[in-house]
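Thank you all for coming. I would like to take you slowly through one structure this morning, so please keep the sequence and the picture in view while I talk.

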Amino acid sequence: MADGHHHGHAATGHSHSHSHSHTHTHTHSQAPGGRDWAEFGARLEREGELVRPLHDALIARVRHALDGRDVRRILDLGSGPGVATTLLAEAFPSAHATAVDASPPLLALAVARADRLGVADRVDTATADLELPLGALAEPGSVDVVWASMVLHHVGDPSGTLGEIRRLLAPGGVLALVEFGDDRRTLPAGSIPERPGFVERHSEVLLDALEAHLPPGALAIDWPETLAAAGFELLAHEMEVLAIDAPLGEAERAFVAQSLEVSTRLGLRRLDDLDLLTLARLLDPVHPRSVWRRDDLPLRISRTVVVARRL
């Protein structure tokens with residue numbers, strides 16, 4: 001997805017009654033979509049680095065919410081390869097940060113990243129399924145900051161998971177959430193003038209595929225209401241947008257291409273031949289109208305960011 005919707009990996013190894021179709025067990029040698037774990041992890045790292053401005057802004061909000069509180073313990077839930085984990089360790093130099101994910105191969109990348117960035121002495125990892133009780137991650141009431149980016153929409157019972165998070169947080173501890181924004185399109189409206197309506201048709205298919213892939217109602221959760229019910233005080237609930245003007249750099253082009261590649265695997269039987277041809281050209285590195293060559297494509301990534309404090 002253009003949303004980098006695999007920034008965190010909260011996938012579970014059991015199936016739900018709601019046909020939660022991405023229930024990969026992580027003993028598999030392949031990452032989601034049949035990819036190699038190293039390739040998948042590298043993609044997640046690139047995506048995490050691309051949305052860093054959004055994460056920096058959220059860390060500033062977290063710092064404000066902490067109101068001078070000493071931060072000793074941080075959990076990054078659904079951490080993937082640890083991009084946010086290392087960012088948090090750098091932002092709070094007296095804190096110990098734990099990258100929590102269901103995938104050992106991604107956690108190995110988080111360890112390597114922490115080592116590379118010189119924070120390995122304050123970063124560790126834990127393998128956990130966010131659908132299950134989280135008590136083993138830390139003593140109840142001992143965590144100052146919990147970070148969950150693009151991950152809670154994967155769980156079947158967000159209220160239950162928030163209850164687990166609340167138990168881990170110290171009174172006054174802060175939860176930072178990143179979720180989908182208002183626009184899940186990879187390409188801006190009208191950005192493919194050679195094929196009018198392509199962007200809208202393509203994004204509709206992507207949205208349907210995403211909804212089929214997630215628990216029912218996952219994209220329509222009322223976070224303020226859900227957090228209040230779970231015993232949190234809402235401090236911020238904002239739409240943040242990362243807007244990058246054309247021409248895009250290499251990392252941004254890779255992000256767009258990756259999102260389009262994902263869509264080619266998501267049952268695009270609903271697109272007609274000309275739309276499929278347009279998609280193929282957008283991905284063809286040598287075609288002059290591909291995302292790799294054209295200089296007229298901007299990129300807009302929107303996110304809902306939420307900061308809440310444990311009451």
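Let me begin with a word that I shall need several times: a residue is called buried when its relative accessible area is under 20%, and exposed when that value is over 50%. By that cut-off, buried residues make up 56% of the 311 residues in the protein chain.

Please keep in mind that what you see is a predicted model. The average pLDDT of the protein chain is 87, and 88% of the residues reach a score of at least 70. Residues 1-28 call for caution, since pLDDT stays under 50 there, although the model gives this stretch 102 contacts beyond four places in sequence. Where pLDDT is low, the predicted coordinates should not be read in detail.

Turning to the overall build, the protein chain has nine helices and seven strands. If we take the contacts between residues at least 6 apart in sequence, 80% of them join residues that are at least 24 apart.

In what order do the seven strands of the open sheet lie? Reading across, the order is β3-β2-β1-β4-β5-β7-β6, and the pairing is mixed. At the edges are β3, residues 123-127, and β6, residues 232-244, each of which pairs on one side only. From one strand to the next, the twist averages 20°. For those new to sheets, strands pair through backbone hydrogen bonds, and they do so either parallel or antiparallel. As an example of the parallel sense, β1, residues 73-77, pairs with β2, residues 96-101, over five bridges, and there isoleucine 74 stands opposite alanine 97 of β2.

Two helices should be looked at together with this sheet. Helix α3, residues 83-91, lies across β1, β2, β3 and β4, and runs at about 170° to β2. Helix α5, residues 158-168, packs on the sheet as well, where it touches β1, β4, β5, β6 and β7, and its direction makes about 145° with that of β5.

Now I would like to spend a little longer on helix α6, residues 198-213. How far apart should the ends of its 16 residues be, at 1.5 Å a residue? The expected span is 22 Å, and the end C-alpha atoms are indeed 22 Å apart, so the two values agree. Within α6, the buried residues are Phe198, Val199, His202, Ser203, Val205, Leu206, Ala209, Leu210 and His213. These residues are on the same side of α6, because they cover an arc of only 160° around the axis. The general background is that an α-helix has 3.6 residues a turn, so residues three or four places apart point the same way. The partners against which the buried residues of α6 pack are β5, α8 and α9.

Finally, a few details of the backbone deserve attention. Aspartate 67, in the loop between α2 and β1, has a positive phi of about 55° although it is not a glycine. Methionine 150, in the loop between β4 and α5, also has a positive phi of about 55° without being a glycine. Are these residues buried or exposed? Aspartate 67 counts as exposed because its relative accessibility is 68%, whereas methionine 150, at 0%, counts as buried. The last detail is a cis peptide bond between alanine 246 and proline 247, with omega at about -5°, and proline 247 lies in the loop between β6 and α8.

Notes:
Residues are numbered from 1 along each chain as its sequence is written. This is a predicted model: local features need pLDDT of at least 70, side-chain atom pairs count only at pLDDT 80 or more; totals for chains, interfaces and linings use all residues. Side-chain values use heavy atoms; hydrogens and water are left out. Helices (H or I, at least four residues) and strands (E, at least two) are DSSP runs, numbered from the N terminus. The expected span of a helix is 1.5 Å times one less than its number of residues. Buried means under 20% relative accessible area, exposed over 50%, partly exposed in between (1.4 Å probe, protein chains only). The arc is that of the directions from the helix axis to the C-beta atoms. Contact means heavy atoms within 4.5 Å. Two strands pair if DSSP finds at least two bridges between them. Axes are lines fitted to C-alpha atoms, for helices over the stretch in contact, and angles run from 0 to 180 degrees between N-to-C directions. pLDDT is the predictor's confidence in each residue, from 0 to 100.
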